[in-house]
Amino acid sequence: MIKNIKISNKEVGLNQKIFISAELGTTCNGDFETAKKLIKAAKDAGMDAAKFQILSPEEKFADKTITYTYKRNNGEEITENLYEMLHKYVMAKEEWIELKKYAGELGIIIFATPDYMGGVDLMEELDMPAYKISTWDATYYPFVKKIAALNKPVVLDFGASDEKEIARVIEVFKQAGNDQLILLHCYHTNDYKEMNIRTVEYLREHFGCLSGFSASEADNDIDYLSLGYNPVYIEKRLTLDQNDPNHHHSQALE
């Protein structure tokens, strides 16, 4: 039997209301005041959590010339230096302390996806109640082991991972004695035939863990479709303005 887990004061499980998390990591634009407004928007919308990203391009990239291409809401294709782009989203420790305090005052959970070892240490200093591990870090095993050993709830994003990689990550958590896992289906495609929403159900039944869905677009149709496969957790990117030209706003719920 798959057991329920608790993220802060919220019980998450198959017999509970779906835990809804606002993804704010990029749509806050790395700006403290915008981050506060998004936390308030998530609370007002009845969401359970505000999830951010804790980044360090300095530690992440040996090659600082890598570029990233994406489309804005008007269809314009933009290519940016990834190292420089991610620097925009870095916030100071003092700002994270204030954001956590503000979320607590509003009564909404706040946690994050760290992308480097020091980010885990920072989250522990902030006493954040849960972690998310990105699919891009699922094979960074020293990092995964460090988070698993904390014995906190962890949302594992497997959008770009195969079954062997998923099994290996789960084994790391088993060895650490941490069974507080939610496996998240997040497709990385625009082709409906490749989205395979039944993956939400498959992850739960095949690996014996709670499972959920991470939405990639602003539209809600796929989110609603996922409900047929009993997700316990849904993540939705949130923005204050879909016309904001920065990264991910056109793909976010306004």
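**Exercise 1. Find which residue caps the N-terminal end of α7, and which atoms are involved.**

Solution. Start with aspartate 162: this residue caps the N-terminal end of α7, with a side-chain oxygen 3.2 Å from the backbone nitrogen of lysine 164. Bear in mind as you work that this is a predicted model. Next, look at what comes after the helix. There you will find glycine 177, whose phi is positive, near 75°.

**Exercise 2. Check whether the length of α7 agrees or disagrees with the expected span.**

Solution. Count first: α7 covers residues 163–176, which makes 14 residues. At 1.5 Å a residue, these should span 20 Å. Then compare with the model, where the end C-alpha atoms are 20 Å apart, so the two agree.

**Exercise 3. Work out which residues of α7 are buried, and how they are arranged around the axis.**

Solution. Begin with the list: Ile166, Val169, Ile170, Val172 and Phe173 are buried. Now look down the axis of α7: the buried residues fall within an arc of 145°, so they line one face of the helix. A general rule helps here: an α-helix has 3.6 residues a turn, so residues three or four places apart point the same way.

Next, ask what this face meets. The buried residues pack against β8 (131–133), α6 (141–148), β9 (154–157), β10 (181–185) and α8 (199–207). Finally, turn to the other side of α7, where Lys164, Lys174 and Gln175 are exposed.

**Exercise 4. Describe the surroundings of serine 161.**

Solution. Place the residue first: serine 161 lies in the loop between β9 and α7. Then check its accessibility. With a relative accessible area of 16%, serine 161 is buried, because the cut-off for that class is under 20%. Beyond its neighbours within four places in sequence, serine 161 is in contact with Thr135, Ala138 and Ile166. For threonine 135 there is a further detail: its side chain and that of serine 161 are joined by a polar contact of 3.0 Å.

**Exercise 5. Compare the salt bridges of lysine 10 and lysine 236: where do the partners lie, and are they buried or exposed?**

Solution. Recall the general idea that side chains of opposite charge can pair when their charged atoms come close. A search of the whole structure finds 14 salt bridges.

Take lysine 10 first. Its partner is aspartate 48, with the closest N and O atoms 3.2 Å apart. The pair links distant parts of the chain: lysine 10 sits in strand β2 (residues 10–12), and aspartate 48 in the loop between α1 (32–44) and β4 (49–54), 38 residues apart. Lysine 10 is partly exposed at 34% relative accessible area, while aspartate 48 is buried at 13%.

Now take lysine 236, which meets aspartate 223 at 2.8 Å, N to O. Lysine 236 lies in strand β12 (residues 233–237) and aspartate 223 in helix α9 (residues 221–226), so the pair ties together parts that are 13 residues apart in sequence. Both of these residues are buried.

To round off, look for a network: Glu124, Asp127 and Lys152 are linked by salt bridges in this way.

**Exercise 6. Decide whether the radius of gyration of the protein chain agrees or disagrees with that of a compact globule.**

Solution. For 254 residues, a compact globule would have a radius of gyration near 18 Å. The protein chain has 17 Å, which agrees. Then add the context: the chain has nine helices and 12 strands, and 51% of its residues count as buried. Finally, consider contacts with a separation of 6 or more: residues 24 or more positions apart account for 64% of them.

How values were computed: Residues numbered from 1 in each chain as written. Predicted model: local features only at pLDDT ≥ 70, side-chain atom pairs only at ≥ 80, totals over all residues. Heavy atoms only, no water. Helix = DSSP H or I, 4+ residues; strand = E, 2+ residues; numbered from the N terminus. Expected span 1.5 Å × (residues − 1). Buried < 20%, exposed > 50% of the residue type's maximum accessible area, 1.4 Å probe, protein only. Arc of directions from axis to C-beta. Contact = heavy atoms within 4.5 Å. Polar contact = N/O pair within 3.5 Å; in protein donor to acceptor, adjacent residues only side chain to side chain. Salt bridge = Lys/Arg side-chain N within 4 Å of Asp/Glu carboxyl O. Rg over C-alpha atoms; globule rule 2.2 N^0.38 Å.
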